[in-house]
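Trainee: I have a new model open and would like to practise reasoning from definitions. Could we go through it together?

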Amino acid sequence: MSLPSFKLLRPRNVEDALGFLHRYEKEGVQICAGGTDLLPSMKQRLFSPAYVMDIRGIEELTHIRVVPGLGVELGSLVKLSAIEDSGFIATHYPVLREAVMTVASPILRNMGTLGGNLCLDTRCLWYNQSLQWRKSCGYCIKKDGDLCHVAPGGKVCWAVFSGDSAAALLCLHAEIEIASPKGRRRIPLADLYTNIGDDRMRLGKSEILTRIFLPEASAGYSGVYRKLRLRGSIDYPLAGVAVAIRKKGKIIDDARVAITGVNPAPRLVKDATHALIGREMNEHAAMVVGELAARVAKPLTTSLLTPEYRREMIKVFAKQSASRATPSGPSIRD
Ligand SMILES: Cc1cc2nc3c(=O)[nH]c(=O)nc-3n(C[C@H](O)[C@H](O)[C@H](O)COP(=O)(O)OP(=O)(O)OC[C@H]3O[C@@H](n4cnc5c(N)ncnc54)[C@H](O)[C@@H]3O)c2cc1C
């Protein structure tokens, strides 16, 4: 499959990038970071933008920076492999490293960026196909059609958010910076997502994700990430669970659980926090976490694995991860 034709834009800084987005907004500009998800999608004609803006030349977005007293700032262009290789992230934010290490393959992690992973398009069995395949089925509500094959008669798209790092970052209460022609704003990562398959993010056409912040208060939580995928060595999550836990002695001081790969957005399992704080981790507590996570999961027939199996695996992974994520690591000041 070949790429459709497009004009290439190559900004050198964020201001240039915003200028391009504004100038060519009507014609359509698609941001390309590592291109590992976008380019295959363009070959399938899921996107045929007039302009592709390759942002890899924006040097200021390529750094991991520790900001004393605040935490860590990651540029949106930080490669997944850089996060994997960072001893600091491994020590203080282990859940993020665990999740990132499961993304695709080493080569793709060396090209793919954290920003691209968070802004990943939602996926569905009826959508991530070639043009001919989709045409033969009368297209779907997410692209070129008006019917949903997953929920026939429905007018809502159920395509699934299938990035790994977002679940870990939700557990870390990460925030993001969005740059627009009006200035920069900082919001919780959770607020980026709409939970609607075909309109997945609250990101305007002339906006760009520039930074991700990990609060210092989230450092030192022990962390586990587990995922279900078709091909063990290289595949998107069909169910993913991240757990971050901080303990004082044997007692759980704080706990966060998030899921991905089963809803149109990654989701925090807020009730799991309330269920665990002030308790000891044991078989019963881990089972409750599993039940609560499965309640938030709403998988439909968007993949080759059945919704029932994927929901069950959310339960299993949440239970296992909660049991595993017990000893807490050092805080940044240690
Ligand atoms: C075979 C294969 C297996 C894969 N397996 C996994 C997997 O297991 N887990 C997983 O999470 N991903 C997987 N991926 C997807 C992808 O490789 C990663 O998610 C990667 O991190 C995407 O980053 P990127 O920089 O390449 O994004 P791109 O492909 O460049 O962009 C992805 C999307 O994000 C938008 N975007 C990128 N950067 C920004 C920004 N700064 N601001 C606003 N929008 C932006 C783009 O416009 C595009 O819509 C897989 C891909 C392939 C081809």
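**Ligand and domains**

Mentor: Happily! This is a predicted model. In it, 34 residues surround the ligand, and the closest are Ile31, Thr36, Thr113, Asp164 and Asp235.

Trainee: What makes a residue count as near the ligand?

Mentor: One of its heavy atoms must lie within 4 Å. The 34 residues around the ligand pass that test.

Trainee: Why is the pair formed by aspartate 235 and the ligand called a polar contact?

Mentor: A backbone N or O atom of aspartate 235 lies 2.4 Å from an oxygen atom of the ligand. The cut-off for a pair of N or O atoms is 3.5 Å, so this pair qualifies. Glycine 34 also has a backbone N or O atom 2.7 Å from a ligand oxygen, and a polar backbone atom of leucine 209 is 2.9 Å from a ligand nitrogen.

Trainee: How much of the ligand does the protein bury?

Mentor: Taken alone, the ligand exposes 980 Å², and the protein buries 94% of that.

Trainee: Now the domains. Which stretches does the assignment give?

Mentor: Domain 1 is 1-59, domain 2 is 62-118 + 161-324, and domain 3 is 127-158. The contact between domain 2 and domain 3 takes seven residues from domain 2 and five from domain 3.

Trainee: How large an area do domain 2 and domain 3 bury between them?

Mentor: About 640 Å², with 66% of it on carbon and sulfur atoms. On the domain 2 side, Gly197, Asp198 and Leu300 supply 55% of the area buried against domain 3, more than any other three residues.

Trainee: What holds for salt bridges and polar contacts there?

Mentor: Between domain 2 and domain 3 the salt bridge count is zero, whereas two residue pairs are in polar contact.

How values were computed: Residues are numbered from 1 along each chain as its sequence is written. This is a predicted model: local features need pLDDT of at least 70, side-chain atom pairs count only at pLDDT 80 or more; totals for chains, interfaces and linings use all residues. Side-chain values use heavy atoms; hydrogens and water are left out. Domain bounds come from an automatic or database domain assignment. Contact means heavy atoms within 4.5 Å. Buried area is the accessible area (1.4 Å probe) that two parts lose on being put together, summed over both. A salt bridge is a side-chain nitrogen of Lys or Arg within 4 Å of a carboxyl oxygen of Asp or Glu. A polar contact is a pair of N or O atoms within 3.5 Å; within protein, one must be able to donate a hydrogen and the other to accept it, and residues adjacent in sequence count only if both atoms are side-chain atoms. Accessible areas come from the Shrake-Rupley method with a 1.4 Å probe; for residues, only the protein chains shown count as cover.
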